Amino acid sequence: MTPHKRSAETITKLLDTALEAHPGDFTLRAVTERSGVSMGSLYHHFGSLEGLAAALYSRCMAELLDALIAAVESAADARDGVCRAVRAYLDFTGSHPDKARFIHAGPYAIDLGPHAERIAAGKAERLARLNDWIGRHMAAGTVAPLPAAQVEMLLIGPVAEVTRRWLAGAPGIDLAEAARILPDRIWRSLSP
């Protein structure tokens, strides 16, 4: 086995173990003991627990954004894309609650601020694809011409709140019900 392959396997093992440890025992000791990887190796690859958390957040977010990109880029039109994006987010949450939990809780539990630039750079290409998709529909007049931040609040805000409440076990929150109700209502907020 080449050193590069071993290094990639070690990184994957640490990220997978960190996800399993979160939120209950997300510590250096727990991750290294559970993974069988040395503390020195963790520091070599990530620099710190915060560096590991930033890498894990980036990996989980990339998977979520990839699901959203696939949803909108395969859509027949703007309405279909918005509805598919809402369902894709909820499907991701139901299929990967551990990753959704880390996306929503990780940045609040661990200081990722020192890694903000690296996290933003990792998301930039995917966010650009999503923004390009919605921008083309705005230019065509099939989506209301709104600032990107407001589009995000209208499209992702309600779905992220459902996700947070579902992950917290709030009563009355059902992902399947949200997937039936929210897509058309969110579309109405973005339609021209």
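Helices here are DSSP runs of H or I with at least four residues, strands are runs of E with at least two, and both are numbered from the N terminus. Ser7, for one, sits in helix H1. This is a predicted model, so to speak of local features takes a pLDDT of at least 70, side-chain atom pairs count only at pLDDT 80 or more, and totals for chains, interfaces and linings use all residues. Residues are numbered from 1 along each chain as its sequence is written, and side-chain values use heavy atoms, with hydrogens and water left out.

**Overall picture**

- The protein chain has ten helices and zero strands, so read from the N terminus its elements simply go α-α-α-α-α-α-α-α-α-α.
- Taken along the principal axes, the C-alpha atoms fill a box of roughly 55 × 40 × 30 Å.
- Of the 192 residues in the protein chain, 42% are buried (buried is under 20% relative accessible area, exposed is over 50%, and partly exposed is in between, with a 1.4 Å probe and protein chains only).
- Take the contacts between residues at least 6 apart in sequence: 70% of them join residues at least 24 apart (a contact is heavy atoms within 4.5 Å).

**The H1–H2 loop and its aromatic pair**

- Pro23 lies in the loop between H1 and H2, and the peptide bond leading into Pro23 from His22 is cis, with omega near 0°.
- The structure holds one aromatic pair (ring centres of Phe, Tyr or Trp, the last by its six-membered ring, lie within 6.5 Å; planes under 30 degrees apart are stacked, over 60 edge-to-face, and the rest tilted).
- That pair is Phe26 with Phe102, and it's a tilted one: 5.8 Å centre to centre, with 55° between the planes.
- Phe26 belongs to the loop between helix H1 (3-21) and helix H2 (28-35), while Phe102 is in helix H6 (residues 97-109), so the pair ties together parts that are 76 residues apart in sequence.
- Both Phe26 and Phe102 are buried.
- Thr27 is in the loop between H1 and H2 as well, but Thr27 is partly exposed, at 33% relative accessible area.
- The C-alpha atoms of Thr27 and Glu50 are 9.9 Å apart, with their positions 23 residues apart along the chain.

**H4 against H5**

- Helix H4 (residues 49-73) packs with helix H5 (residues 78-95) at an angle of about 150°, their axes 8 Å apart (axes are lines fitted to C-alpha atoms, for helices over the stretch in contact, and angles run from 0 to 180 degrees between N-to-C directions).
- On the H4 side, the contact is made by Cys60, Glu63, Leu64, Ala67, Leu68, Ala71 and Val72.
- On the H5 side, Gly81, Arg84, Ala85, Ala88, Tyr89 and Phe92 do the job.
- By class, that contact comes to ten nonpolar, one polar and two charged residues (Ala, Val, Leu, Ile, Met, Phe, Trp, Tyr, Cys and Pro count as nonpolar, Asp, Glu, Lys and Arg as charged, and the others, Gly among them, as polar).

**The core**

- The largest nonpolar core has 59 residues (such a core is a set of buried Ala, Val, Leu, Ile, Met, Phe, Trp, Tyr and Cys residues joined through side-chain atoms within 4.5 Å).
- Phe26, Leu52, Leu56, Leu68, Leu90, Phe102 and Ile186 have the most contacts inside that core.
- H4 supplies the largest share of the core, 15 residues.
- Leaving out residues up to four places away in sequence, Leu56 touches Leu15, Ala18, Leu19, Phe26 and Phe102.

**Two more spots to click on**

- Ile103 is in helix H6 and counts as buried, at 8% relative accessibility.
- Neighbours within four places aside, Ile103 is in contact with Tyr57, Cys60, Met61, Leu64 and Phe92.
- The C-alpha atoms of Ile103 and Met61 are separated by 6.5 Å, although these residues are 42 apart along the chain.
- Back in H1, Ser7 is partly exposed, with a relative accessible area of 24%.
- Ser7 and His44 are 37 residues apart along the chain, and their C-alpha atoms are separated by 10 Å.
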